[in-house]
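Trainee: I have a structure to go through with you. Can we start with a helix contact and then work outward?

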Amino acid sequence: MIFLASSSPRRGDLLSQIQIDYQRVQTSVDEYQQAGEASQDYVQRLALEKALSGLTHNQNKGLVLGADTIIVCDGQVMEKPKDKQHAQKMMSLLSGNTHQVLTAVALVTATQQKVKLVSTDVSFKTLTTQEISDYWETGEPLDKAAGYGIQGIAGQFVTNISGSYSAVVGLPLYETKQLINSLKGS
Ligand SMILES: Cc1cn([C@H]2C[C@H](O)[C@@H](COP(=O)(O)OP(=O)(O)OP(=O)(O)O)O2)c(=O)[nH]c1=O
(Lines give C-alpha, C1' and ligand atoms only; values in the text may rest on other atoms or scores of the structure.)
Protein backbone atom coordinates (compact mmCIF):
# COMPACT_ATOMS: atom_id res chain seq x y z
CA MET A 1 0.00 0.00 0.00
CA ILE A 2 1.22 3.46 -0.84
CA PHE A 3 0.03 6.90 0.19
CA LEU A 4 -1.05 9.14 -2.68
CA ALA A 5 -0.31 12.82 -2.11
CA SER A 6 -2.74 13.95 -4.78
CA SER A 7 -6.34 15.01 -5.16
CA SER A 8 -6.34 14.12 -8.86
CA PRO A 9 -8.97 11.44 -9.61
CA ARG A 10 -6.86 10.38 -12.63
CA ARG A 11 -3.78 9.59 -10.55
CA GLY A 12 -5.82 7.30 -8.29
CA ASP A 13 -7.40 5.57 -11.29
CA LEU A 14 -3.98 5.05 -12.90
CA LEU A 15 -2.59 3.40 -9.75
CA SER A 16 -5.66 1.14 -9.59
CA GLN A 17 -5.12 0.26 -13.26
CA ILE A 18 -1.82 -1.42 -12.34
CA GLN A 19 -3.23 -2.94 -9.14
CA ILE A 20 -1.46 -0.69 -6.68
CA ASP A 21 -3.46 -0.12 -3.51
CA TYR A 22 -3.37 3.41 -2.25
CA GLN A 23 -4.77 5.71 0.35
CA ARG A 24 -4.95 9.45 -0.25
CA VAL A 25 -3.11 11.84 2.04
CA GLN A 26 -3.45 15.60 2.27
CA THR A 27 -0.95 18.06 0.79
CA SER A 28 -0.45 21.79 1.01
CA VAL A 29 1.84 23.09 -1.73
CA ASP A 30 1.91 26.47 -3.50
CA GLU A 31 2.43 25.90 -7.22
CA TYR A 32 4.53 28.81 -8.50
CA GLN A 33 7.48 28.70 -10.88
CA GLN A 34 10.46 30.58 -9.49
CA ALA A 35 12.21 33.26 -11.54
CA GLY A 36 14.78 31.62 -13.81
CA GLU A 37 13.65 28.10 -12.86
CA ALA A 38 13.76 25.70 -15.83
CA SER A 39 10.46 23.92 -16.53
CA GLN A 40 12.08 20.50 -15.99
CA ASP A 41 13.30 21.62 -12.56
CA TYR A 42 9.95 23.20 -11.72
CA VAL A 43 7.84 20.12 -12.41
CA GLN A 44 10.23 17.87 -10.46
CA ARG A 45 10.32 20.28 -7.52
CA LEU A 46 6.50 20.36 -7.37
CA ALA A 47 6.22 16.56 -7.47
CA LEU A 48 8.76 16.30 -4.66
CA GLU A 49 7.13 19.06 -2.59
CA LYS A 50 3.74 17.36 -2.93
CA ALA A 51 5.21 14.01 -1.83
CA LEU A 52 7.06 15.60 1.12
CA SER A 53 3.98 17.55 2.17
CA GLY A 54 2.00 14.29 2.05
CA LEU A 55 4.65 12.58 4.15
CA THR A 56 4.40 15.34 6.76
CA HIS A 57 0.60 15.06 6.82
CA ASN A 58 1.08 11.30 7.24
CA GLN A 59 3.30 11.71 10.35
CA ASN A 60 6.38 10.67 8.31
CA LYS A 61 4.99 7.19 7.81
CA GLY A 62 5.04 4.96 4.72
CA LEU A 63 5.79 5.35 1.04
CA VAL A 64 4.30 8.58 -0.31
CA LEU A 65 3.82 9.42 -4.00
CA GLY A 66 3.44 12.93 -5.44
CA ALA A 67 3.27 13.99 -9.08
CA ASP A 68 2.96 17.05 -11.24
CA THR A 69 2.13 17.64 -14.90
CA ILE A 70 2.87 20.75 -16.94
CA ILE A 71 2.91 21.51 -20.66
CA VAL A 72 5.65 23.32 -22.52
CA CYS A 73 4.71 24.76 -25.90
CA ASP A 74 7.03 27.07 -27.85
CA GLY A 75 8.95 27.74 -24.62
CA GLN A 76 5.80 28.66 -22.66
CA VAL A 77 4.83 26.74 -19.54
CA MET A 78 1.12 25.92 -19.33
CA GLU A 79 -0.74 24.83 -16.23
CA LYS A 80 -4.43 24.63 -15.36
CA PRO A 81 -6.55 27.37 -16.98
CA LYS A 82 -7.65 30.26 -14.78
CA ASP A 83 -10.70 31.02 -16.93
CA LYS A 84 -12.17 30.64 -20.43
CA GLN A 85 -9.95 33.29 -21.97
CA HIS A 86 -6.80 31.69 -20.55
CA ALA A 87 -7.89 28.24 -21.75
CA GLN A 88 -8.65 29.51 -25.24
CA LYS A 89 -5.28 31.22 -25.47
CA MET A 90 -3.49 28.00 -24.55
CA MET A 91 -5.56 25.94 -27.00
CA SER A 92 -4.79 28.35 -29.84
CA LEU A 93 -1.06 27.88 -29.13
CA LEU A 94 -1.44 24.09 -29.08
CA SER A 95 -3.44 24.14 -32.33
CA GLY A 96 -1.51 22.71 -35.31
CA ASN A 97 1.55 22.44 -33.10
CA THR A 98 3.60 19.90 -31.13
CA HIS A 99 4.10 20.40 -27.40
CA GLN A 100 5.83 18.57 -24.57
CA VAL A 101 3.96 17.17 -21.60
CA LEU A 102 6.29 16.98 -18.61
CA THR A 103 5.20 14.75 -15.75
CA ALA A 104 7.35 14.21 -12.69
CA VAL A 105 6.68 11.52 -10.14
CA ALA A 106 8.27 11.60 -6.70
CA LEU A 107 8.35 8.80 -4.17
CA VAL A 108 9.51 9.50 -0.63
CA THR A 109 9.85 7.82 2.72
CA ALA A 110 11.17 9.30 5.96
CA THR A 111 14.70 8.40 4.81
CA GLN A 112 14.64 8.37 0.98
CA GLN A 113 13.56 10.54 -1.95
CA LYS A 114 13.38 9.61 -5.62
CA VAL A 115 12.09 11.68 -8.53
CA LYS A 116 11.60 10.66 -12.15
CA LEU A 117 10.81 13.00 -15.04
CA VAL A 118 9.00 11.84 -18.18
CA SER A 119 8.59 13.97 -21.31
CA THR A 120 6.00 13.13 -23.98
CA ASP A 121 5.51 14.87 -27.33
CA VAL A 122 1.90 15.49 -28.30
CA SER A 123 0.76 16.96 -31.63
CA PHE A 124 -2.61 18.64 -32.16
CA LYS A 125 -4.54 19.14 -35.37
CA THR A 126 -5.37 22.72 -36.33
CA LEU A 127 -8.37 23.84 -34.30
CA THR A 128 -10.98 26.37 -35.35
CA THR A 129 -12.08 29.17 -33.01
CA GLN A 130 -15.45 27.43 -32.84
CA GLU A 131 -13.90 24.10 -31.81
CA ILE A 132 -11.86 25.82 -29.11
CA SER A 133 -14.91 27.65 -27.79
CA ASP A 134 -17.14 24.54 -27.91
CA TYR A 135 -14.47 22.51 -26.11
CA TRP A 136 -14.38 24.96 -23.20
CA GLU A 137 -18.15 24.63 -22.79
CA THR A 138 -17.82 20.87 -22.21
CA GLY A 139 -16.21 21.60 -18.82
CA GLU A 140 -13.41 19.14 -19.49
CA PRO A 141 -10.55 21.71 -19.69
CA LEU A 142 -11.03 23.22 -16.23
CA ASP A 143 -8.90 20.96 -14.01
CA LYS A 144 -6.30 19.86 -16.52
CA ALA A 145 -2.85 21.12 -17.49
CA ALA A 146 -3.02 23.37 -20.60
CA GLY A 147 -6.78 22.89 -20.41
CA TYR A 148 -7.20 19.60 -22.22
CA GLY A 149 -7.76 15.93 -21.45
CA ILE A 150 -6.24 13.44 -23.90
CA GLN A 151 -8.33 10.70 -22.26
CA GLY A 152 -11.54 12.59 -22.99
CA ILE A 153 -13.10 14.74 -25.69
CA ALA A 154 -9.72 16.25 -26.58
CA GLY A 155 -8.54 12.81 -27.71
CA GLN A 156 -9.94 13.75 -31.13
CA PHE A 157 -7.50 16.68 -31.41
CA VAL A 158 -4.39 14.50 -31.04
CA THR A 159 -2.69 13.56 -34.31
CA ASN A 160 0.43 12.05 -32.76
CA ILE A 161 1.89 11.08 -29.39
CA SER A 162 5.45 10.01 -28.71
CA GLY A 163 6.23 8.91 -25.17
CA SER A 164 4.03 7.85 -22.29
CA TYR A 165 0.24 8.16 -22.66
CA SER A 166 -0.32 7.53 -18.94
CA ALA A 167 2.15 10.35 -18.12
CA VAL A 168 -0.04 12.75 -20.13
CA VAL A 169 -3.06 11.66 -18.08
CA GLY A 170 -1.07 12.30 -14.89
CA LEU A 171 1.20 9.41 -13.93
CA PRO A 172 3.76 7.49 -16.03
CA LEU A 173 2.87 3.91 -15.14
CA TYR A 174 6.10 2.19 -16.19
CA GLU A 175 8.31 4.64 -14.31
CA THR A 176 5.97 4.74 -11.31
CA LYS A 177 6.11 0.97 -10.93
CA GLN A 178 9.91 1.05 -11.24
CA LEU A 179 10.19 3.72 -8.55
CA ILE A 180 7.89 1.82 -6.19
CA ASN A 181 9.89 -1.38 -6.70
CA SER A 182 13.20 0.37 -6.15
CA LEU A 183 12.10 1.89 -2.83
CA LYS A 184 10.33 -1.23 -1.63
CA GLY A 185 13.39 -3.32 -2.36
CA SER A 186 15.83 -1.06 -0.51
C1 LIG B 1 -2.52 17.18 -20.39
C2 LIG B 1 -3.46 16.46 -19.47
C3 LIG B 1 -3.47 16.69 -18.11
N4 LIG B 1 -4.34 16.04 -17.28
C5 LIG B 1 -4.37 16.32 -15.83
C6 LIG B 1 -3.34 15.54 -15.01
C7 LIG B 1 -3.29 16.32 -13.72
O8 LIG B 1 -4.31 15.83 -12.84
C9 LIG B 1 -3.64 17.74 -14.16
C10 LIG B 1 -2.46 18.68 -14.02
O11 LIG B 1 -2.45 19.27 -12.77
P12 LIG B 1 -1.45 18.89 -11.59
O13 LIG B 1 -1.17 20.16 -10.86
O14 LIG B 1 -0.29 18.08 -12.10
O15 LIG B 1 -2.30 17.91 -10.67
P16 LIG B 1 -3.70 18.11 -9.94
O17 LIG B 1 -3.83 19.51 -9.40
O18 LIG B 1 -4.79 17.62 -10.84
O19 LIG B 1 -3.61 17.08 -8.74
P20 LIG B 1 -2.58 17.04 -7.49
O21 LIG B 1 -1.71 18.26 -7.51
O22 LIG B 1 -3.47 17.00 -6.27
O23 LIG B 1 -1.83 15.75 -7.69
O24 LIG B 1 -4.04 17.66 -15.53
C25 LIG B 1 -5.24 15.11 -17.80
O26 LIG B 1 -6.03 14.52 -17.05
N27 LIG B 1 -5.22 14.84 -19.14
C28 LIG B 1 -4.38 15.47 -20.02
O29 LIG B 1 -4.41 15.19 -21.23
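Mentor: Start with a pair of helices. K84, A87, Q88, M91 and S92 in α3 meet I132, S133, Y135 and W136 in α4. Keep in mind that this is a predicted model.

Trainee: How do the residues of the contact of α3 with α4 divide by class?

Mentor: Take the α3 side, with K84, A87, Q88, M91 and S92, and add I132, S133, Y135 and W136 from α4. Sort them by class. The contact divides into five nonpolar, three polar and one charged.

Trainee: Are α3 and α4 parallel, antiparallel, perpendicular or oblique to each other?

Mentor: Two packed helices are described by the angle between their axes and the distance between the axes. Here α3 covers residues 84-94 and α4 covers residues 129-137; their axes lie 10 Å apart, at about 135°. An angle over 145 degrees would count as roughly antiparallel, and 65 to 115 as roughly perpendicular. The pair is therefore oblique.

Trainee: Is the crossing of α3 and α4 left-handed or right-handed?

Mentor: The angle of about 135° comes first. Then add the hand. α3 passes α4 in a crossing that is right-handed.

Trainee: Now the ligand. Which element gives the most to the shell around the ligand?

Mentor: There are 22 residues around the ligand, and S6, S8, K144, I150 and G170 come nearest. At least two shell residues each come from α1 (9-17), β3 (64-73) and α5 (165-169). The top contributor, with three residues, is β3.

Trainee: How many residues of each class does the shell around the ligand have?

Mentor: Count over the 22 residues around the ligand. Split them by class. The shell has eight nonpolar, seven polar and seven charged residues.

Trainee: What radius of gyration does the protein chain have?

Mentor: The chain holds six helices and seven strands. Its C-alpha trace spans about 50 × 35 × 25 Å along the principal axes. With 186 residues, a compact globule would come out near 16 Å, so the chain agrees with that expectation at 16 Å.

Methods
Residues are numbered from 1 along each chain as its sequence is written. This is a predicted model: local features need pLDDT of at least 70, side-chain atom pairs count only at pLDDT 80 or more; totals for chains, interfaces and linings use all residues. Axes are lines fitted to C-alpha atoms, for helices over the stretch in contact, and angles run from 0 to 180 degrees between N-to-C directions. Helices (H or I, at least four residues) and strands (E, at least two) are DSSP runs, numbered from the N terminus. Angles under 35 degrees count as roughly parallel, over 145 as roughly antiparallel, 65 to 115 as roughly perpendicular and the rest as oblique. A crossing is left-handed if the near helix is turned anticlockwise from the far one by less than a right angle, and right-handed if clockwise. Two residues are in contact if their C-beta atoms, placed from the backbone, lie within 7 Å. Ala, Val, Leu, Ile, Met, Phe, Trp, Tyr, Cys and Pro count as nonpolar, Asp, Glu, Lys and Arg as charged, and the others, Gly among them, as polar. A residue is near a molecule or strand if its C-beta atom, placed from the backbone, lies within 6 Å of it. The radius of gyration is taken over C-alpha atoms; the globule rule is 2.2 Å times the number of residues to the power 0.38.
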